[in-house]
Amino acid sequence: MMEKVAHLSFILHLPGLSEDGKFHFKDLPGSGRRIDVLCRSLAACFDWGPSTLDKSELEIIALVGENSCLRVKNPDNDTAKGEVWWAHAIKDALSGNPPPFISVENASLTDAIAEFLAIDGVYLWVLEETGTTINQGNILDMNAQNIFIIGDHRGFDSEALKAFDDHSIYRLSLGSTSYLTSHCVAAIIAMYEEMVNDVASR
Ligand SMILES: C[S@@+](CC[C@H](N)C(=O)[O-])C[C@H]1O[C@@H](n2cnc3c(N)ncnc32)[C@H](O)[C@@H]1O
């Protein structure tokens, strides 16, 4: 996988989602085994989430099903695309015909964790309801490359939780309410933008 990571990245751990690309656009949750979670998160990251942050600084690394890893970076234009547009791009990627802004490889969550922990200046965090409440500015180093691991609609499975413990990955929380995965992506982007704007206005 070794490739430069963007300034702010999200690893989405989505083991239950369909990885064969054979879902129907009119029934993403059912036929795609909740592939809508990924489509909505991509829309949050690249369509409507950022307001001041340059989108080229953002990346989503989606670990779909057993072993498919989709890295999404620099989608081609600034027009809001929407969930169905993203569903088409994911289907193409999973069917062996990825668009230029998606690279596909085989990798598991433990592969991804090991890769990113080996890179200097990369901070890996887990987002979990029961983690330490994010105290803006105290925890995040905005000059570093921060990567947040987020679960799917079912949260993290025991294998993922074990991998976090094995690698002592710090768990951060947005509060006790359980939010949608896409909401978490947008909330972190908003927090990050606020930090950048605070520093710029000093
Ligand atoms: C819809 S939630 C998971 C569902 C719920 N936790 C459960 O297990 O029933 C999807 C993911 O978003 C992240 N998440 C949701 N709410 C959060 C919060 N308040 N703080 C931190 N992360 C959160 C976690 O990574 C979680 O695995």
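Set aside the neighbours within four places in sequence, and isoleucine 150 is in contact with Phe10, Leu12, Leu127, Thr181, Cys184 and Val185. The model is a predicted one. Isoleucine 150 is found in strand 6. This residue counts as buried because 26 C-beta neighbours lie inside 10 Å, and 20 or more is the mark for that class. Tryptophan 85 makes a useful reference point. From isoleucine 150 to tryptophan 85 is 65 residues in sequence and 22 Å in space, C-alpha to C-alpha.

Now take the strand itself. Strand 6 covers residues 145-150 and pairs with strand 5, residues 122-133. The pairing runs in the parallel sense, over 5 bridges. One pair can be named: leucine 124 has isoleucine 147 of strand 6 as its bridge partner. In general, the strands of a sheet pair through backbone hydrogen bonds, in a parallel or antiparallel way.

Step back to the sheet. It is open and is formed by 7 strands, in the order 4-3-2-1-6-5-7, with mixed pairing. Strand 4 (102-106) and strand 7 (170-173) are the edge strands, and each pairs on one side only. From one strand to the next, the twist averages 30 degrees.

The ligand comes next. Around the ligand are 18 residues, of which Leu127, Gly151, Gly155, Leu174 and Tyr179 come nearest. Two elements, strand 5 and helix 6 (181-200), give two or more residues to this shell. Strand 5 supplies the largest share, 3 residues. By character, the shell divides into 7 nonpolar, 8 polar and 3 charged residues. Leu127 links the two views: it is in contact with isoleucine 150 and is among the residues that come nearest the ligand.

Technical notes: Residues numbered from 1 in each chain as written. Predicted model: local features only at pLDDT ≥ 70, side-chain atom pairs only at ≥ 80, totals over all residues. Pairing = 2+ DSSP bridges. Helix = DSSP H or I, 4+ residues; strand = E, 2+ residues; numbered from the N terminus. Axes fitted to C-alpha atoms, helices over the stretch in contact; angles between N-to-C directions. Near = placed C-beta within 6 Å. Nonpolar A, V, L, I, M, F, W, Y, C, P; charged D, E, K, R; others polar. Buried ≥ 20, exposed ≤ 12 C-beta atoms within 10 Å, placed from the backbone. Contact = placed C-beta atoms within 7 Å.
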